[in-house]
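Grab a pencil and work through the exercises below. Try each task on your own before you read its solution.

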Amino acid sequence: MGSSSSPSCLLVGVFLFLAVVVSAFPSVVQAGITRHYQFDVEMANVTRLCSTKSIVTVNGQFPGPRIVAREGDRVAVRVINHVPYNVTIHWHGVRQLRSGWADGPAYVTQCPIPTGRSYVYNFTIVGQRGTLFWHAHISWLRATLYGPIIILPQLGVPYPFTKPYREVPVIFGEWWKADTEAIIHQALQTGGGPNVSDAYTINGLPGPLYNCSAKDTFKLKVKPGKTYLLRLINAALNDELFFSIANHTVTVVDVDGVYVKPFDAETLLITPGQTTNVLLHAKPYYPNAMFFMTARPYATGSGTFDNSTVAAVLEYQNPSRSSPAVFAKNLPLHKPTLPAFNDTSFAANFTGRLRSLATARFPANVPQTVDRRFLFTVGLGTSPCPKNQTCQGPNGTKFSATVNNISFASPTTALLQAHFFGQSRNVYSPDFPVVPLMPFNYTGTPPNNTLVSNGTKLVVLPFNTSVELVMQDTSILGTESHPLHLHGYNFFVVGQGFGNYDPAKDPAKFNLVDPAERNTVGVPAGGWVAIRFSADNPGVWFMHCHFDAHMSWGLKMAWLVLDGELPNQKLPPPPGLSVGSPRRSVAPRRPRRSPLPWRSARGGLPPRTDTSTRPTWRSSSPCPRGGRLAYELYPVPAQQEVPCCGIRRSPMSGYFHPPDNEAFSALAPRRKVLDVTVVLYQIRCASPDVPVMKKSTPRRQSMNLESRARFSC
Ligand code: C2O
C-alpha cells in the first residue's frame, strides 16, 4: 500500500462549513423511538473444552448482548474500547440508509476505535424485520465478538405467520482453544491456511459431543403444542453449516431480515453472515424423549476444516409435572442425520427453494431493467513468497484470494472518509474491473499461473444505478462455495447455476418475480450466482467473502455509490460534524466579521473545548434571495471523536467541515449556484501532533450545487 507515513509536511485538508437558517426547514418525522445501548468492549475469561482463555467480549458477555428494536426505531450504540486491540463493530445486514459512518468495517467506513476511545454508532432500521447480528469487523475479533440483532415488526403489525409462543436466538459460532488473533497473524506470515477451529458452538456452548462439554450444552425447553420462533444466526468464522432438529420439521419464514414464502425443511443450510427465522412447532403431546439439534459444516474447499459437530438439546416440559422439568437422563435421545460434508446438490436445492413473500404489503422490488452489468470471479490464488522466507501456501507460495483476480489491499485511511473529504489520492482508485481482465474457463482446468494482483480499487456507481452482478466461482486451487456479503444493501438472488455463467442463455431463466432478497449469498462451488440491486444508498459499501480466512487473503472489494441530487439522497457528514441540533438558530443577528478567536499565524492550537454542540466560531452573510447563510466550526466532542487515520490524528482532525449541500438546497432549491464567502483552513503537520494552522483571507466564491463542492489547498 502506498503509505502516508512520510515525515514530510502533510497537507491535511481544508474545509468550510455551512449551516443554514431558514424558517421553513422541514422537520423530519420519525416513526420509531431511539434505543440506546452501551457496549463496553472488555476482556473476559471463558472456559470451553477444558481450557480457559481470555477473550474479547461486549460487557463481559459471550455471546454478546442482544440489540432489540422495532422496525422504524433508531439505535444508538456507544462502543467503548477497553481492550488492547483496535475495534470496530458492524451491524450486519442493517441497511444503513444514509448512515454509512455507522456501518463499521475497519478502514472502509471508519478508522478503528483505539484502546481507551469510543465511538457512537447511530442508525435507523428501515423496512427490515427479522434477525440480523452484530460482530466485530476488524481482523478476526468477531470470533468472540458477536451477538443478535432482533428486529420486531412495528407495534401493532403482526407477523405474516402464526404468532410464536416464544422467540429464541440460536447463534452458531466457532471456538478455538488458541488465540485467534495469533492464528491469523501467523497464517498471514507463513502464507499457509489458518488453523481450523476446535469446536462449533450454539449460543456459545459446544455441547456433549466434545470433551468435557456436556455441562456446556444449550437446552431449548419447549411446551407441547406451542410454536417457537428460532432466530438462527451463523456467526462462525469460516464454515457454512447444516442444521437439523431430530424428528422435527421447521418452517422457514424469514432470511436476512426479509420474509420469505414459508416452506418446511428438515435440514437447513446457513452460511456465515446469513440469518434464518424458522418456526418450530412443538409436538402436540409430551414425547417422552429428547432431541438433538445439531450442526456441522458444509465444506467444499480442498483445505482442511473442522469436521466436528455441535449439539444442543430440545427438551419438552412434562405437562403432568407441576415443577419445571428436570433434565431427565434416562429419556431416549434422538439424533438427526445431516447431509454429507460436500453435499452440494443439497445446497443448491435448499437455496433454490427460497422465495420472497412478494405480496402487496411486502413486495419484492426486483430491478426489472439493468443499467450496469458486472461479472466478478471469486476464488483463491497465490502470491509469491518473500525472499529469504519459506512459505506454507501452495507450492511454497502464500495463499491469496481475489475478486476479478485482485486481492484487495486494505488502506490505512478509511475509504468513506477519503471519499467524503475529497482525499482519495493514494488511498483508492475508482477503476475496479467490470469483468475479469483475463477471461478463462473459470470452472475448467485451472490456469498454470495462479498469481494474483493487489490493489485498493472501487467500483463507482451514480446514485440509483440498477446493478446486475454475476459472481463466478473459479477452480483455481479448487472450486469452493463462497458466502458473499454486501454491505448497505439487500440484493435479489435472481439466478444461479453450475459451471460457467452463460450471458446468452442463463438470463432467460432469471426469476424477476419473487427471488429471495438477502445480504449474503453462497456462490455455488464450481458455479455462479446472479444478483440485482438498485444503488440507492450513497456511501462506500464493502463486499466480501464472509469466511474470515478468505477475507484476510483479500476476497473483498468495495462499491462507491455517489450522492443523488435530492437532499435525502446525500450522505450526511460524519458523526460529530453534523450540524443537526443547532440548525435553526445559529445565525447571529448581525453578520460578524470577527476572525477566529484562536487565530494564530503558526504553531498555535485552538483551545480544546468539549462544548460539542456549540460552534467555536460562526459567521454569516446575507443570502441572495433573503435569509442568512451561516458558517460554523464545531469541535468534535471528545467522547464521539471519529478516529481518524491516514489523515494525521491531531487536535485539528476535529475540524474538518464539508459543505452542507442539504442546507444549500433547502436554502435555494431552484438555484444552481450560490455566492458564498469561503474561508480556507490549511493545516500542516510540522511534526507529529504539532499542527500548524493557517487561515486564508475570506473570499467570495460561487459554489456549484450540483456537485458536492470541495475545498482544498
Ligand atoms: Cu458480517 Cu463485512 O460483514
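## Exercise 1: A strand with two partners

V170 has its bridge partner in strand 13, and that partner is L232. Keep in mind that you're looking at a predicted model.

**Task.** Find out which strands join strand 13 through bridges, and in which direction each pair runs.

**Solution.** Start with the pair you already have. V170 and L232 are bridge partners, and the link between strand 10 (residues 166-175) and strand 13 has seven bridges, with the two strands running parallel.

Now follow L232 to strand 18, where its bridge partner is T276. Strand 13 and strand 18 (residues 275-281) are also joined by seven bridges, but this pair runs antiparallel.

**Task.** Is strand 13 mostly covered or mostly open, and which way do its residues point?

**Solution.** Begin with a general idea: side chains in a regular strand alternate between the two faces of the sheet. Next, sort the residues of strand 13: T227, L229, R231 and I233 point one way, while Y228, L230, L232 and N234 point the other way. Then check the burial on both sides: all of these residues are buried. That fits the count for strand 13 (residues 227-234), with eight of its eight residues buried, so the strand is mostly covered.

## Exercise 2: Far in sequence, together in space

**Task.** Work out where L220 lies and what it is in contact with, leaving aside neighbours within four places in sequence.

**Solution.** First, place the residue: L220 belongs to strand 12 (residues 219-222). Second, check its surroundings: the relative accessible area of L220 is 3%, and buried means under 20%, so L220 is buried. Third, list the contacts: V168, L230, L280, M293, V313, L314 and E315. Finally, pick V168 from that list: it is 52 residues from L220 in sequence, but the C-alpha atoms are 8.4 Å apart in space.

How does the whole chain look in this respect? Take the contacts between residues at least 6 apart in sequence: 79% of them join residues at least 24 apart.

## Exercise 3: An open sheet and its edges

**Task.** Which strands stand at the edges of the open sheet with the order 26-34-33-28-31?

**Solution.** Read the order from end to end: five strands make up this sheet, and their pairing is mixed. Strand 26 (458-461) and strand 31 (520-523) each have a single partner strand, so they stand at the edges, and one side of each lacks a neighbour in the sheet. On average, neighbouring strands here are turned by 20° against each other, direction ignored.

Now zoom in on one edge. Strand 28 (residues 482-486) and strand 31 run antiparallel and are joined by four bridges. One pair to look for is L484 with its bridge partner V521 in strand 31.

## Exercise 4: Backbone oddities

**Task.** Q96 and N426 each have a positive phi although neither is a glycine. Is each one buried or exposed?

**Solution.** Take Q96 first. Its phi is about 55°, and the residue sits in the loop between strand 6 (89-92) and strand 7 (118-124). The relative accessibility of Q96 is 0%, so it counts as buried.

N426 comes next, with a phi of about 65°. You'll find N426 in the loop between helix 3 (415-420) and strand 25 (453-455). Its relative accessible area is 64%, and the cut-off for exposed is over 50%, so N426 is exposed.

**Task.** Where is P63, and what is the form of the peptide bond from F62 to P63?

**Solution.** Look in the loop between strand 3 (51-58) and strand 4 (67-70) for P63. The bond from F62 to P63 is cis, with omega near -10°.

## Exercise 5: Rings and charges

**Task.** Classify the aromatic pair of F440 and Y442.

**Solution.** The count of aromatic pairs comes to 32. In the pair of F440 and Y442, the centres are 4.8 Å apart and the planes are at 70°; an angle over 60 counts as edge-to-face, so that's the label here. As for burial, F440 is partly exposed at 26% relative accessibility, whereas Y442 is buried at 8%.

**Task.** Which rings have the charged residues R48 and R296 over them?

**Solution.** R48 lies over the face of W175, 5.9 Å from the ring centre. For R296, the charged end sits over the ring of F341, at 4.3 Å from its centre.

Methods. Residues numbered from 1 in each chain as written. Predicted model: local features only at pLDDT ≥ 70, side-chain atom pairs only at ≥ 80, totals over all residues. Heavy atoms only, no water. Buried < 20%, exposed > 50% of the residue type's maximum accessible area, 1.4 Å probe, protein only. Phe/Tyr/Trp six-rings, centres within 6.5 Å; stacked < 30°, edge-to-face > 60°. Lys NZ or Arg CZ within 6 Å of the ring centre and 35° of its normal. Pairing = 2+ DSSP bridges. Axes fitted to C-alpha atoms, helices over the stretch in contact; angles between N-to-C directions. Contact = heavy atoms within 4.5 Å.
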